[in-house]
Amino acid sequence: MNTRRKLVVGNWKMHGSRKGNAELLDGIAGARPFGCDVAVCPPFPYLAETAVALAGTDIRWGAQDCSAHEQGAYTGEVSAGMLQEFGCRYVIVGHSERRAYHGESDQLVADKAKAALARGVTPIVCVGETLAQREAGETADVVKRQLAAVIHTLAHCAGEIVVAYEPVWAIGTGRTATPEQAQAVHALLRAQLRAATGSRADEMKLLYGGSVKPDNARELFAQADIDGGLIGGASLKAADFVAICRAAG
Ligand code: PGA
């Protein structure tokens, strides 16, 4: 186990309702204190209510995407400045579902990360290979290419991001990377970050995501370069999410 303070982030994806969210947030807030940093990322319309529900707690919130643009005629998009106005500490960018269903390129993801940082919102940059890429032995090339675009675009600010390694084949499938598989990729990513940011890389948080559950979280979080998790399905049940946070603390 490393000494970096762990971070556990719930990615609610397109789930939730006003009533259900209130209960979920209550359940999480009521289980404090945690020995790690905790955040939730609800869909955009719920950010304001989430901010109210979590006011006075140390639980943070964020969004699941943002525009690369500051403002303008971009129907349907939400800017990092708007997220900042609603108290977002984080924004997920480059989730594999955005890359796959919305055709987001490595460069667009990098531009989104830059837009977020410009507004003081920490981007959680997702990288990860598909099953076909893993089986073809391309995992290292793919994740390095995805991260390289961000490092190049952010230049001296590259040390300010959070990175989430999320193998696409492990997302929502119940099939988790083994702790060894995850650690191997995290070590690669940290080495790449160290080459770009120097010793700053030793303080950066690298999260693992992909079917993290209460029963596998502890072993994943015990790896040298895994600093917490980005949690999808299991973040929708307070008891499971709280158990994962406890495993990180
Ligand atoms: P999962 O999703 O935990 O449901 O696999 C993780 C994610 O997509 O961030």
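How many helices and strands does the chain have? The chain has ten helices and eight strands. The model shown in these views is predicted.

**Figure 1. Overall dimensions of the predicted chain.** The C-alpha trace spans about 45 × 45 × 35 Å along its principal axes. The radius of gyration is 17 Å, which agrees with the value near 18 Å that a compact globule of 249 residues would have. Of these 249 residues, 54% count as buried. Among contacts in the chain with a separation of 6 or more, 72% are accounted for by residues 24 or more positions apart.

**Figure 2. Surface and charges of the chain.** About 10900 Å² of surface is accessible, and carbon and sulfur atoms contribute 52% of that area. The chain carries 26 positive and 27 negative charges. Between the mean position of the positive charges and that of the negative charges lie 3 Å.

**Figure 3. Surroundings of Asn21 in helix H1.** Helix H1 covers residues 18-29 and includes Asn21. The relative accessible area of Asn21 is 6%, so this residue is classed as buried. Leaving aside residues up to four places away in sequence, Asn21 touches Trp12, Gly16 and Tyr46. Val93 serves as a reference point for distance: Asn21 and Val93 are separated by 72 residues in sequence, and their C-alpha atoms are 22 Å apart in space.

**Figure 4. Cys66 and the closest cysteine sulfur.** A disulfide is a covalent bond that joins the sulfur atoms of two cysteines. The structure holds zero disulfides. For Cys66, the closest cysteine sulfur belongs to Cys88 and lies 9.7 Å from its own sulfur, so the two are too far apart for a bond. Cys66 is buried, because its relative accessible area is 1%.

**Figure 5. Cys245 and Cys36.** As in the preceding view, the subject is a cysteine without a disulfide, and the structure as a whole has zero disulfides. Cys245 takes part in no disulfide, and the nearest cysteine sulfur, that of Cys36, is 4.9 Å away. A disulfide would need the two sulfur atoms to be within 2.5 Å. With a relative accessible area of 0%, Cys245 is buried.

Key:
Residues numbered from 1 in each chain as written. Predicted model: local features only at pLDDT ≥ 70, side-chain atom pairs only at ≥ 80, totals over all residues. Heavy atoms only, no water. Helix = DSSP H or I, 4+ residues; strand = E, 2+ residues; numbered from the N terminus. Buried < 20%, exposed > 50% of the residue type's maximum accessible area, 1.4 Å probe, protein only. Contact = heavy atoms within 4.5 Å. Rg over C-alpha atoms; globule rule 2.2 N^0.38 Å. Areas by Shrake-Rupley, 256 points an atom, 1.4 Å probe, with all protein chains shown as cover. Lys, Arg positive; Asp, Glu negative; His and termini not counted. Charge placed at Lys NZ, Arg CZ, Asp CG, Glu CD.
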